[in-house]
Amino acid sequence: MGTKRWGIKGGLLALCAGLALSGCGGGGTSSETAESSDSPKVENVYKESYDPPVTITTAWGINPIAEFKNGETIENNVATKWAKEKFGIDIKSLWSVTDANNAFTTKMRLSMSSGQEMPEIVTVGDDLLAQDLIDSGMYQEAGPLFDEYASDTWKKAMELDPNIWNPYTRDGKRMGIPILDYAYNNDYLLWIRQDWLDKLNLQAPKTIDELETVMEAFKTDNPDGLAPDKVIPLSIGFKTTMNTWMGDPSWIFGAYGTLPQQWNMGEDGKLEYGSVNPAMKEGLVKIKDWLDKGYIPQEAALWDANKTAEPAVAGTAGIIPGPYWMSGWPLQDTEQNVPDAVWKPIAIPSGPDGTAMRHGTKFSNGVILIKKDMAHPEAFFTYQNYLFDNYADPAPGSPYDYGLFEGYDYELDAQGQPIPGEESKDGAYVNVTLYLLVHDGARIPDAQMKALLKLADGEEPVSKMEKDVALNYGPETPAAAKVLLSQEEISKKNMFTGPTTETMKSKLDYLNKMENQVFNEIIYGKSPVDAFDAFAQSWQSGGGEQITQEVNEWYDSVK
């Protein structure tokens, strides 16, 4: 996902907070850590602050959009000073690297293979790296530490998704702590040009058939007077995947009962790979038909997610699938090209038998690993509990009502009111959440949706979260959140979130290439639709049958 996407998330990344510290829960009076069987017994007393200070070592993958002021760096900044002064925690950086082109993953692998000192607390977004670090044996079982030291706020947030620990569970042991993200962040709906619908006197389509009627009208009777060959009724792309976050085509297959390129629950209660479900044939036929009629881009097989936004912003696309927050970015930019354009969110259309499905997104975006020989793992929970209890979703009137660090992510005028960023003394605020030990600071998955639904119902923003979503997201975002949750039951997450299986390591690249080639050949008319049946058989015999068995063995071990 392009860095621009971080722009719209920037305001939420900088969510700052605070209730009065309610006591760091989760057994804060215990005198020793919960230990895995092979970690040494160490006297560790949980405190709200440590004197003398304790050290936590880490390594930084600096987000490329991170900015610093006052001569600060990722190693020494307002957040590291805050940790030292508030908690007596000295955050020591072993190394840092700007995380462009997988630089952090590369550096971490080099450290692991060359026997360099490894960080005691490390947050990892790359899933393969996370699994390899767990396999290395350098990082300890984190579940018992979480059970003993995590605050009630953090624990309740983690309970919102019962499968949240699955990717990092080995033989029943929770080896890493999932980094929570906002719920439904990349679940999608359809954004449609409401001004076009109005001019054509059409209603928002609720079924695939009605959608075709709308697309035909957008193309052949365009309200803005665009020639048919200049209009893209539906902007989708599948350059790298049929299951993406913007311009996504997977719901088209969902109308017939499957979602491609993810593991779904089959009718027999076992996990099945969606791309080989027979329902894929009907979806491929439909996409081929839409390509032939000019409803989707002729270059869809060459378009990635970001490319699909271009005709939408240019004012030449009528519909684009994407997340509920898209009215802020990129769709708000449409008005620069077409001042009267109006984008509205609508539900995912259903297929012939009323079926609708969209891919769901998990409530996490990485993992926290804790080194085996870490002297004071409880100190990390002191730090992170505070953020969950005071920062993740603060009540009105909190001491952090305007931000975390005055002069960095907010400034107040003489009357104690916040000054807009562009009017601040140095003309810029910085996103201080990028300086924290865990990227994004602390997020409670459903907090953002709850705030948006209150705004959608016409309530004034009162809490910090409500003010932030009102200010930082586009005007249609609350309504889009409501549309999204009206179809909550059609959201289907990828059910396989475990480590790469043995057969995947040797066969998955080949199987994926075969899948993409066959699907594109069917859509572009180079192969008959029956080529799907031969593909499904080849997929099974080429390693897919064994992968399916391994995936279900993993699922049986964690469900």
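This passage looks at the aromatic rings, the nonpolar cores and one helix of a predicted model.

Aromatic rings make a good starting point, with 30 aromatic pairs counted in the model. One of them joins Trp-154 and Phe-380 in an edge-to-face arrangement, with 6.3 Å from centre to centre and 70 degrees between the planes. The two partners come from distant parts of the chain: Trp-154 belongs to helix H6 (residues 152-158) and Phe-380 to helix H12 (residues 377-390), 226 residues apart. Why does Trp-154 count as buried? Its relative accessibility is 1%, and buried means under 20%. Phe-380 is buried too, with a relative accessible area of 0%.

A second pair involves Tyr-386 and Tyr-400, whose ring centres are 6.3 Å apart; their planes stand at 90 degrees, so this pair is edge-to-face. Because Tyr-386 lies in helix H12 and Tyr-400 in the loop between H12 and helix H13 (447-456), the pair ties together parts 14 residues apart in sequence. Both Tyr-386 and Tyr-400 are buried.

Rings can also gather in groups. Trp-154 and Phe-380 share one aromatic cluster with Tyr-46, Phe-146, Tyr-149, Trp-165, Phe-381 and Phe-388. Trp-165 has a charged partner as well, for the charged end of Arg-174 sits over its ring, 4.9 Å from the centre. Elsewhere, the charged end of Lys-107 sits over the ring of Trp-95, at 5.4 Å from the ring centre.

The wider setting is a nonpolar core. In soluble globular proteins, nonpolar side chains tend to be buried together. Here the largest nonpolar core has 87 residues, and Trp-154, Phe-380 and Phe-381 are among those with the most contacts inside it. Helix H12 supplies the largest share of this core, 7 residues. Beyond its neighbours within four places in sequence, Phe-381 is in contact with residues including Tyr-46, Leu-145, Ile-177, Ile-370 and Tyr-386. Another core, of 58 residues, lies apart from the largest one and includes Leu-197, Leu-271, Phe-496 and Phe-519.

Helix H4 (residues 127-135) offers a closer look at a single element. Which residues of H4 are buried? They are Leu-129, Ala-130, Gln-131, Leu-133 and Ile-134. These buried residues pack against helix H3 (103-113) and three strands, E3 (121-124), E4 (169-170) and E14 (364-370). At the start of H4, a side-chain oxygen of Asp-126 comes within 3.1 Å of the backbone nitrogen of Leu-128. Just after the helix, Gly-137 adopts a positive phi of about 80 degrees.

Terms used
Residues are numbered from 1 along each chain as its sequence is written. Side-chain values use heavy atoms; hydrogens and water are left out. Rings of Phe, Tyr and Trp (its six-membered ring) pair if their centres lie within 6.5 Å; planes under 30 degrees apart count as stacked, over 60 as edge-to-face and the rest as tilted. Helices (H or I, at least four residues) and strands (E, at least two) are DSSP runs, numbered from the N terminus. Buried means under 20% relative accessible area, exposed over 50%, partly exposed in between (1.4 Å probe, protein chains only). A charge sits over a ring if NZ of Lys or CZ of Arg is within 6 Å of the ring centre and within 35 degrees of the ring normal. Contact means heavy atoms within 4.5 Å. A polar contact is a pair of N or O atoms within 3.5 Å; within protein, one must be able to donate a hydrogen and the other to accept it, and residues adjacent in sequence count only if both atoms are side-chain atoms. A nonpolar core is a set of buried Ala, Val, Leu, Ile, Met, Phe, Trp, Tyr and Cys residues joined through side-chain atoms within 4.5 Å.
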